[in-house]
Amino acid sequence: MTTFPVEKIRADFPILKEKIRNKPLVYLDNAATCQKPQAVIDSISHLYMHEYANVHRGVHTLSVKATDRYEGAREKVKNFINAKSTKEIIFVKGTTEAINLIAQTFAKANIKKGDEILITAMEHHSNIVPWQMFCEETGAVLKVAPINLHGELIYDEFEKLISDKTKLVSVVHMSNALGTINPVKKIIAAAKAKDIPVLLDGAQAIPHMSVDVQALDCDFYAFSGHKLYAPSGIGVLYGKQALLEAMPPYQGGGDMIRKVTFEETEYNALPYKFEAGTPSIADVVGLGAAIDYLSEIGMDNIAAYEAELLDYATEKAKHIEGLRIIGDAKEKGAILSFVLDKIHPHDIGTMLDSLGIAIRAGHHCAMPVMDFFEVPATARASFAMYNTKEEIDVLMNGIEQLIEVFG
Amino acid sequence: MFDDLRDLYQEVIFDHNRNPRNFRVMDDADRQVEGFNPLCGDRLTLFLKMDGDVITDASFQGSGCAISTASVSLMTEIVKGKTEAEAETLFTQFHEMTTGKEEDVNLEAIGKLAVLAGVREYPARVKCATLAWHTLDAALKNEANSISTE
């Protein structure tokens, strides 16, 4: 492999030149959200300056241009995740809305009282709460497959929980709190053997590896733009066409209809059936630009570089006395969650911030994971393709210093 | 190395974090209230012993960051012997100090608690310092056995 062009990439992200508390920014909160390259920022301002109007509506030139950009981005998403058709790409606000959409439509139509939905113990709240709400309303039952002390799914237990009552398996592709990458191919194969559809929460996985929904054979895949170097407020729900066709619509309104009278309404074709109202046009265009940018670098190259970063950080962290890594799965993405003896993660967060280092301190919207590891919170450094080993040195040095101060 | 943080992490705070005062379960407490900060998951249990409207003893259990531990530790020290009304006044003053404008605060009146004035510059940390006092407020008003900062 040729050397990863990290310096060139860094130069493309204007915010990385910022000083925080008079120190160079070391941004290690990428699992919360990623920074944006100039190409994405430019694509949005270019649209607003030269090509903006509402989409799918006017016959005028600008509307046609904006529609071309918007639908062009859908094509890019389709290619990026290797969907069969752009009809399978639904634009939503983010992963959370994508999962809620499935709960409100697919689940309502297919899952009844006594049926089961199977998730894992490492889910983000966004893949727990929509199902709890759904179960509360319908009398369906939420089943949770356990994890071990490495933060890995106990696969045998997961498989045992698949029953004739299971009507949906909804699991995270990569855990935001632990970094664990789930054995999704095995999970999907096991579910398929019983004709159970599978939804993957890809919010964390998508910026770190190439995702091929056809190779995975998942039924639904949800992800957010803002963790993929694209704007916040935009995300994607991928669904197999046949399933999407059969699902009732999500929200009612403009764009999702073909014909409306006061007596009845005929819904629009895919993907518009699920996109009521004026969408976040510029953000979709920004997502397209982010995908172009990432495709140029290559997701496999990014994955290899980030694996190097994680190995480097993990090795360094292991040598810090009093530091305990939370989540050391064999298959793991670029997330280092940790706690320090007698120093609360919030103190770690504030101390590191004073050195210009941005990490996350808290429960990471995964309170059940915190309970499992018996910690109130963790500190989490999460890496992206623009991070460097030098930045990891700054982080580790900072951690050593703050241990001394607290000592 | 952490020079910028000197106002926030004063030595008194480190001291109370290392050796929290009144850190014990009170079996014969008259009031017992749990405080919870859902933002960070911090939990504390506050115990009060009352004689009429005078707080004769205060203690706590739980785990939190240095700011919240020091805050509740200092609070249990300062409210002992105070009447409910005096404790409520301290709460108001503490709240003003940590959230309000500097000129409004009479630092002398709140004595040792002034070491926590630094959180004002760290909006993300204000709730760490005020959790203890919101819990005390609930205990004095006797309105709930569990309160949350959100």
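**Figure 1. The open sheet of chain A has four strands in the order S13-S14-S17-S16, with antiparallel pairing.** The model shown is predicted. Strand S13 (323–325) and strand S16 (360–362) of chain A are the edge strands; each has a single partner strand, so one side of each lacks a neighbour in the sheet. On average, neighbouring strands of this sheet are turned by 30° against each other, direction ignored.

**Figure 2. S16(A) pairs with strand S17 (residues 378–382) of chain A.** The pairing is antiparallel and runs over three bridges. Gly362(A) has Thr378(A), in S17(A), as its bridge partner.

**Figure 3. Helix H12 (residues 345–353) of chain A lies across three strands, S14, S16 and S17 of chain A.** H12 runs at about 155° to S16(A).

**Figure 4. Domain 1 and domain 2 of chain A meet in a contact that takes 22 residues from domain 1 and 21 residues from domain 2.** Domain 1 of chain A covers 6–30 + 298–406, and domain 2 covers 41–296. Over C-alpha atoms, the centres of these two domains are separated by 28 Å. On the side of domain 1 of chain A that touches domain 2, the elements giving two or more residues are helix H11 (299–318), strand S14 (335–340) and helix H13 (367–372) of chain A. H11(A) provides the largest share of that side, five residues. By type, the residues on that side of domain 1 of chain A are 13 nonpolar, four polar and five charged.

**Confidence of the model.** The scores are ipTM 0.88 and pTM 0.93. Chain B has an average pLDDT of 88, and 90% of the residues score at least 70.

How values were computed:
Residues are numbered from 1 along each chain as its sequence is written. Chains are lettered from A and ligands numbered from 1 in the order in which they are written. This is a predicted model: local features need pLDDT of at least 70, side-chain atom pairs count only at pLDDT 80 or more; totals for chains, interfaces and linings use all residues. pLDDT is the predictor's confidence in each residue, from 0 to 100. Domain bounds come from an automatic or database domain assignment. Two residues are in contact if their C-beta atoms, placed from the backbone, lie within 7 Å. Ala, Val, Leu, Ile, Met, Phe, Trp, Tyr, Cys and Pro count as nonpolar, Asp, Glu, Lys and Arg as charged, and the others, Gly among them, as polar. Two strands pair if DSSP finds at least two bridges between them. Axes are lines fitted to C-alpha atoms, for helices over the stretch in contact, and angles run from 0 to 180 degrees between N-to-C directions.
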